[in-house]
Amino acid sequence: MALNLKLAGLAVGAALAASTALAQTYPDRQITMVVPFAAGGPTDTVGRLIAERMSADLGQQIIVENVGGAGGTLGAGNVASAEADGYTILLHHIGMATSATLYRSLAYNPTEAFEYVGLVTEVPMTIVARKDLEPADFASLVTYVKENADTITMANAGIGAASHLCGMLFMQAVEAPIVTVPYKGTGPAMTELLGGQIDIMCDQTTNTAEQIKGGTIKAYAVTTPARLDIFPDLPTVAEGGFPGMEVSVWHGLYAPKGTPAEIVDRLSVSLQSALADPEIAAKLAELGTAPSPASDATPEALKAKLEAEIARWKPIIETAGVYAD
């Protein structure tokens with residue numbers, strides 16, 4: 001018995017020593033950041049900004065690998081099963097929380113399959129429409145939608161996408177079951193909106209800001225508690241009488257479960273350094289958002305956010321009765 005305990009103690013000690021040694025040399029090669037959505041989309045934009053700055057801080061290149069499909073669960077699943085050595089990490093958005101309910105047979109548990117690195121940013125959503133849609137303001141849009149619910153169309157980037165979730169909130173708020181049209185990503189959805197084939201869409205400022213500024217689409221409201229600096233004349237949904245519609249697309253950085261704590265801490269410090277870069281802040285500001293403060297770019301803050309968001313979205317999704325599997 002004593003011998004077994006001694007051997008067990010030696011094994012634990014050896015594992016800790018190996019972990020410490022790994023962390024001291026980390027990183028010594030290229031790191032892959034998996035973005036579980038298509039290249040050119042809003043999450044990809046955020047990922048590439050962060051990867052560039054973290055690469056400079058870590059002294060090794062972080063390449064972004066886009067693994068789209070299944071509402072982000074395909075890429076997340078790949079990272080969940082990857083080696084827990086810090087060389088494969090995941091940048092995911094609010095879909096990490098909603099997938100826990102949207103997918104009734106996930107291959108991984110969102111709260112147990114990953115180590116938390118930290119929050120990255122929270123991107124506001126905008127309610128937009130083709131540029132020639134009749135209503136002149138948000139109040140008129142609500143009336144118009146209720147009167148034309150059977151014919152008006154609303155685009156989204158697929159079940160589980162941020163645009164789909166925001167669209168569900170919008171339909172529940174205005175009490176109108178709009179005809180929804182899912183696309184394989186925000187790019188195709190925006191193309192159809194620009195072409196007038198789709199009437200309205202709810203999507204992140206990282207995907208709509210440029211089009212709003214250019215006047216190629218019509219903007220009605222933002223889903224944040226306060227107006228945005230880049231669109232000071234655009235009212236909030238709360239101003240339009242729908243405070244329950246407030247939603248932002250938060251992004252978090254994760255590593256596979258079992259990644260040594262020293263490596264997770266190193267990644268978290270690197271993330272904080274990247275988010276403190278004035279150039280990153282300026283680029284995110286152009287997209288209508290801001291970097292998370294250092295206090296949020298931590299494992300503890302991301303864990304708390306994920307758990308709270310799972311609890312928030314579970315009843316909303318169950319009430320809608322729309323599942324991805």
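Which residue follows helix 2, and what is the sign of its phi? Helix 2 is followed by Gly-59, and that glycine has a positive phi, near 80 degrees. Helices here are DSSP runs of H or I with at least four residues, strands are runs of E with at least two, and both are numbered from the N terminus.

Before going on, a word on what you're looking at. This is a predicted model, in which local features need pLDDT of at least 70 and side-chain atom pairs count only at pLDDT 80 or more, while totals for chains, interfaces and linings use all residues. Residues are numbered from 1 along each chain as its sequence is written, and side-chain values use heavy atoms, with hydrogens and water left out.

Back to helix 2, residues 42-58. The expected span of a helix is 1.5 Å times one less than its number of residues, so the 17 residues of helix 2 should cover 24 Å, and its end C-alpha atoms are indeed 24 Å apart. Helix 2 is also largely enclosed by the rest of the structure, because 12 of its 17 residues are buried. Buried means under 20% relative accessible area, with exposed over 50% and partly exposed in between, using a 1.4 Å probe and protein chains only. Among the buried ones are Pro-42, Asp-44, Arg-53 and Leu-58.

Pro-42 leads us to strand 7, since Pro-42 is one of the residues touched by Gln-204. Contact means heavy atoms within 4.5 Å, and residues up to four places away in sequence aren't counted; the list for Gln-204 also includes His-93, Val-123, Met-125 and His-251. Gln-204 sits in strand 7 (residues 200-204) and counts as buried because its relative accessibility is 2%. Its strand is mostly covered too, with five of five residues buried.

What does strand 7 pair with? Two strands pair if DSSP finds at least two bridges between them. Strand 4 (residues 114-130) runs antiparallel to strand 7, over five bridges, and Met-125 has Gln-204 as its bridge partner. Strand 5 runs parallel to strand 7, joined by two bridges, with Ala-155 partnered to Met-201.

Ala-155 turns up again in the lining of the largest cavity, alongside residues including Met-154, His-164 and Thr-180. Strand 5 (153-156) and helix 6 (162-174) are the elements giving two or more residues to that lining, and helix 6 gives the most, with four.

Terms used. 1 Å grid on protein atoms, 1.4 Å probe; cavity = no way out; pocket = protein on both sides within 12 Å on 5 of 7 lines; lining within 4 Å.
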